[in-house]
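Please report on the structure shown here. Keep it brief and suited to a first-year student.

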Amino acid sequence: MSERYSRQELFTPIGKEGQSNIRQKHVLVIGAGALGTGSAEALVRAGVGKLTIVDRDYVEWSNLQRQQLYTEEDAENRIPKAVAAERRLKTINSDVDINALVLDVSVEEIEQLMDDVDLIMDATDNFDIRMIINDIAHKHRIPWIYGACVGSYGISYTILPGETPCLHCLLETVPIGGLTCDTVGIISPAVQMVVAYQTTEAMKILVEDYEALRKKVVSFDLWKNQHTAIQVDRLKKAGCSTCGEDPSYPFLSYSNQTKTAVLCGRDTVQIRPPEKRERDLEQLAEILAEQGGKVTRNPYLLSFHIGDHRLVLFKDGRVLVHGTNDTAEAKTLYHRYLG
Amino acid sequence: MELIINGDRVEVPATITTVSSLLQHFGIDQKVVIVELNQEILEKASHHEATLSDRDKIEIVNFVGGG
Ligand SMILES: [Zn+2]
């Protein structure tokens, strides 16, 4: 037995018993952006038994300022975040069973991710997916930890099914995309602060020290020197369709169609085909090259540069259309080049 | 009127009489916020009838999406 976890075991609320608890747990991190890379690294260093990290995107230069697992080489080669994160995490702690999935998590995918998961870390960037996480977490009675940040501001809340109000109780309605689509930037200490709140609560849950949980919504603004924590228990609604007495999990029903999503602050639209299909990237590279434009490829994705636009095609069928925020324009380009 | 908002003293015009008008004043009435007034959490539906007085303590948390 190595000394690896000795300092954490000396910390009384964890101890040797807590550490062995942590070793037996499986944490699912949804998103491998700023919050996801921070949480994943902290939990892997802490010695969690198994960590699954899921992300739909690839590494870009603008990520390197705050997404701590990635390198210039990852950005240069457009490595999918999940793949790059897995590589780095494995070099940090080879004791941890690390699973990485290049996947856009939505209703269709989320059920199969719930297998033996003890805790879900929210590292997503929109409320559509958070409401889905909230529903599935309650359906399977798995705790989950909301976290978000923008500018120098951050917020976190720990949701325990059967105990606390859920995100649906707190928000009442889903915030509309545009309102959450932030273009005001972000500084990395705000990310780290949210990560600190989220991973500390995660440790408490993993060692089963529920008494120690914060039980409040915490928010802060590091630039304005503000800090707030408020008790929200009274907002729990008995009739909530997610956490109430007769739940219907409304966010888990879906319609089977091509879905588009504008990626916040990225001048990018994502298009998901109606059904999952593996794309043959090699064959596509040949076809697209014939249409003019520049094609580059790595084992995970293909990038097709034409005019002012760039289309990035993933093996799982998704396409990112860069250079537009207009879903109609993105669909036009998608159909023009991919049929 | 002076209010204590997220720990800071803030001077607001006397025309601001309710939590709703305060959120409007700050331009955050369209955002998803939870407001605590003198340590009591408010339901969203009661924002327009929650009246403010001098020295009230208000905590506002904004549910942002980014990550
Ligand atoms: Zn609820």
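Which protein donors hold the zinc ion? They are Cys166(A) (SG), Cys169(A) (SG), Cys240(A) (SG) and Cys243(A) (SG), lying 2.2 to 2.3 Å from the ion. Donors are N, O and S atoms within 2.8 Å of the metal (3.2 Å for Na, K and Ca); water is not among the atoms, so sites may look incomplete.

This is a predicted model: local features need pLDDT of at least 70, side-chain atom pairs count only at pLDDT 80 or more, and totals for chains, interfaces and linings use all residues. Residues are numbered from 1 along each chain as its sequence is written, chains are lettered from A and ligands numbered from 1 in the order in which they are written, and side-chain values use heavy atoms, with hydrogens and water left out.

**The zinc site**

The four donor atoms subtend angles of 97 to 121 degrees around the zinc ion, so the arrangement is tetrahedral (four donors with all angles between 85 and 135 degrees). Ideal angles for four tetrahedral donors are 109.5 degrees. Along the sequence, the donor residues follow the spacing C-x2-C-x70-C-x2-C. Cys240(A) is buried, at 8% relative accessible area. Cys243(A) is buried too, at 13%. Buried means under 20% relative accessible area, exposed over 50%, and partly exposed in between (1.4 Å probe, protein chains only).

**Helix H3 of chain A**

Helices (H or I, at least four residues) and strands (E, at least two) are DSSP runs, numbered from the N terminus. Helix H3 of chain A covers residues 34–46. Its 13 residues should span 18 Å at 1.5 Å a residue, and the end C-alpha atoms are 19 Å apart, which agrees. The expected span is 1.5 Å times one less than the number of residues. Eleven of the 13 residues are buried, so H3(A) is largely enclosed by the rest of the structure. Among them are Leu35(A), Leu43(A) and Val44(A). Just after H3(A), Gly47(A) takes a positive phi of about 90 degrees.

**Two residues with positive phi**

Most residues other than glycine have a negative phi. Arg141(A) has a positive one, near 55 degrees. Asn225(A) also has a positive phi, near 55 degrees. Where do they sit, and how accessible are they?

| Residue | Loop in chain A | Relative accessible area |
|---|---|---|
| Arg141(A) | between helix H7 (127–139) and strand S5 (144–150) | 58%, exposed |
| Asn225(A) | between S7 and S8 | 68%, exposed |

**Empty space**

On a 1 Å grid over the protein atoms alone, a cavity is a set of points where a 1.4 Å probe fits but cannot get out; a pocket is an open set with protein on both sides within 12 Å along at least five of seven lines; lining residues have an atom within 4 Å of a point.

The second largest pocket holds about 550 Å³. Its lining has 23 residues, with Tyr153(A), Asp221(A), Lys224(A), Gln226(A) and Asn62(B) nearest the centre. Strands S7 (216–221) and S8 (226–231) of chain A, with S2 (8–11) and S5 (57–62) of chain B, each give two or more residues to that lining.

How many cavities of 30 Å³ or more does a search of the whole structure find? There are two. The second largest has a volume of about 60 Å³. Its lining includes Cys169(A), Leu235(A) and Val33(B). S3(B) gives the largest share of this lining, three residues.

Conventions: Four donors count as tetrahedral if all angles lie between 85 and 135 degrees; four count as square planar and six as octahedral if opposite donors are over 155 degrees apart and all others between 65 and 115; anything else is irregular. Grid points are joined across faces, edges and corners, and a volume is the space filled by probe spheres set on the points.
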